[in-house]
Amino acid sequence: MARQERALRTRRLILEAAASVFDECGYERATIGEVVARAGVTRGAVYFHFASKRDLAQGVIEGQFEAEAVPERSCKLQEFVDTGMVVTHLVPIDPLVSAGVRLSVDQGAEGHLGFDAAPGWIARLERLLILAGGRGELLPHVVPADTAGLMTASWVGVQLQSQRFTGRADLAQRVATLYRHLMPSIAVPGVLACLDLAPDRGARVHAEMVAARGAAEADFAAADAPGVTGGAGAPGE
């Protein structure tokens, strides 16, 4: 078990190093040697987990979907908003998310990777919109697949614009503006009035997720501590 945990930590370390290289250099100029240097591991360790640079880039893209989803809400359209806003919050601080965005729009990488992150995000948003429709939160004309695709494409465009003009300093504000323009066209008025579309929404939801994850890890550590048993018997039994 300890060996497996070490392997998982090493894989994550390599992915984060690769993400930083891809984010700074793009796919074409990124090298395995630079990933090895930043990760502080051997070349053999990299190739143990990833057979090629292409596999590394694929791992970075797929790494975006390993994190837990945003907290469930009674309003599924709020979850729809929260998903985009949390990703927005993570772009400047999480190398996997940032590099995944770059690789998805890197024209030089397109032929090498064969896919990008967009289909995964579209599918996740479409599921939330289908649930929202089942709860009566959507206007009658809304087609979940179409809206999910439009939102993903628009988010990428806003991200590129923010990166170009401000180095992503105003990304949360720009994405909040995108939601303020999109949501009135899909949400019924009663739901629209209750949505939190503030620019800091992603930061607040992410803090909630971090706190919940910390509490869960603390509970697990306490349950796994020496002397803690799952039974109801008296000590010594």
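**View 1. The largest nonpolar core and its best-connected members.** In this predicted model, the largest nonpolar core has 62 residues, and Phe22, Leu56, Val60, Leu77, Phe80, Tyr179 and Met183 touch the most other members. Here a nonpolar core is a set of buried Ala, Val, Leu, Ile, Met, Phe, Trp, Tyr and Cys residues joined through side-chain atoms within 4.5 Å; buried means under 20% relative accessible area with a 1.4 Å probe, protein chains only. Helix H1 (residues 2–29) chips in the largest share, 9 residues; helices are DSSP runs of H or I, at least four residues, numbered from the N terminus.

**View 2. Around Leu56.** Leaving aside residues up to four places away in sequence, Leu56 touches Ile14, Leu15, Ala18, Phe22, Ile32, Val35, Val46 and Phe50 (contact: heavy atoms within 4.5 Å).

**View 3. Phe22 with Tyr27, and a lysine on top.** The count comes to 2 aromatic pairs, with ring centres within 6.5 Å, planes under 30 degrees apart called stacked, over 60 edge-to-face and the rest tilted. Phe22 and Tyr27 are stacked, at 5.9 Å centre to centre and 10° between the planes, and both are buried. Lys53 lies over the face of Tyr27, 4.5 Å from the ring centre (the rule: NZ of Lys or CZ of Arg within 6 Å of the centre and within 35 degrees of the ring normal).

**View 4. Phe80 meets Tyr179.** This pair is edge-to-face, at 6.2 Å centre to centre and 85° between the planes. Phe80 sits in helix H5 (residues 76–90) and Tyr179 in helix H10 (residues 171–182), so the pair ties together parts 99 residues apart in sequence. Phe80 and Tyr179 are buried.

**Notes.** Residues are numbered from 1 along each chain as its sequence is written, and side-chain values use heavy atoms, leaving out hydrogens and water. Because the model is predicted, local features need pLDDT of at least 70 and side-chain atom pairs count only at pLDDT 80 or more, while totals for chains, interfaces and linings use all residues.

Note on methods:
Buried means under 20% relative accessible area, exposed over 50%, partly exposed in between (1.4 Å probe, protein chains only). Helices (H or I, at least four residues) and strands (E, at least two) are DSSP runs, numbered from the N terminus. Rings of Phe, Tyr and Trp (its six-membered ring) pair if their centres lie within 6.5 Å; planes under 30 degrees apart count as stacked, over 60 as edge-to-face and the rest as tilted.
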